[in-house]
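Q: Please take a close look at the interior of this structure for me, and go through the residues there in one connected account.

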Amino acid sequence: MMKSLVLESLKSSRLAKLATNLYMQSPTDSLNLLTNVDKFLRSKFDYQDEKIETLQYPDYMLTGLEMSGRLVGDCDDISTLHAAILTALGFRVRFIAIRSFRENSNFDHVYLEVNLNDKWIMYDITLPLGTTVEYFGRIAIQV
């Protein structure tokens with residue numbers, strides 16, 4: 001589902017405008033571009049735990065950004081938007097779903113990995129930079 005939302009969102013003019021603006025801030029260096037996207041999303045994102053799990057379309061989140069200046073959602077929402085932005089910028093990304101607790105059979109957290117020079121780098125907007133994630137189960141879904 002998240003992968004299809006990313007691919008569908010590539011048709012969005014809002015997404016194209018945002019990706020272009022972020023690119024113009026650091027057009028010559030891929031690592032700098034990744035860092036600027038990360039900083040932008042962290043500066044605008046408010047984590048909101050969902051009682052009933054829903055998945056927001058990237059364009060819906062960008063509409064919220066236009067209206068309130070903020071991006072609101074949980075880990076799958078921001079990861080889907082993050083993946084859409086990076087895919088629009090030409091990066092290879094994959095979703096990582098993890099089980100944080102041994103006794104939990106469900107995957108309870110999602111973040112991104114971005115391929116840079118054939119190395120996968122973790123990006124999780126919901127956690128402080130440099131945080132190491134421990135898990136008891138993991139799946140990767142390439143976009």
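A: Happy to. Accessible areas here come from the Shrake-Rupley method with a 1.4 Å probe, and for residues only the protein chains shown count as cover. On that basis, the accessible surface of the protein comes to about 8200 Å², with 53% of it belonging to carbon and sulfur atoms. Please keep in mind that this is a predicted model, in which local features need pLDDT of at least 70 and side-chain atom pairs count only at pLDDT 80 or more, while totals for chains, interfaces and linings use all residues. Residues are numbered from 1 along each chain as its sequence is written, and side-chain values use heavy atoms, with hydrogens and water left out.

Let's set the scene first. The protein has five helices and six strands (DSSP runs numbered from the N terminus: H or I of at least four residues for helices, E of at least two for strands). From the N terminus on, their order is α-α-α-β-α-β-α-β-β-β-β. Of the 143 residues, 42% count as buried, meaning under 20% relative accessible area, with exposed over 50% and partly exposed in between (1.4 Å probe, protein chains only). Among contacts (heavy atoms within 4.5 Å) with a separation of 6 or more, 64% join residues 24 or more positions apart.

Now to the interior itself. In soluble globular proteins, nonpolar side chains tend to be buried together. A nonpolar core is a set of buried Ala, Val, Leu, Ile, Met, Phe, Trp, Tyr and Cys residues joined through side-chain atoms within 4.5 Å. The largest one here has 32 residues, and Leu41, Leu71, Ile78, Leu81, Ile85, Leu86 and Phe91 touch the most other members. At least two residues of this core come from each of α1 (2-9), α2 (13-25), α3 (30-44), α4 (58-68), α5 (75-88), β3 (92-99) and β4 (109-116). The most is given by α5, with seven residues.

Leu71 makes a good starting point. Not counting residues up to four places away in sequence, Leu71 touches Leu41, Lys44, Phe45, Asp46, Met61, Leu65, Ile78 and Leu81. One of these partners, Phe45, is buried at 9% relative accessible area.

Helix α5 also holds Thr80, which is buried with a relative accessible area of 0%. Leaving aside neighbours within four places in sequence, Thr80 is in contact with Met2, Leu5, Val6, Leu55, Pro58 and Phe95.

Over in helix α2 lies Leu22, buried at 2% relative accessibility. With neighbours within four places set aside, Leu22 is in contact with Leu33, Asn36, Val37, Phe40 and Ile85. Leu22 and Ile85 are 63 residues apart along the chain, yet their C-alpha atoms are separated by 9.2 Å.

Phe40, in helix α3, counts as buried at 19% relative accessibility. Residues up to four places away aside, Phe40 touches Leu18, Leu22 and Leu65. The C-alpha atoms of Phe40 and Leu18 are separated by 10 Å, with their positions 22 residues apart along the chain.
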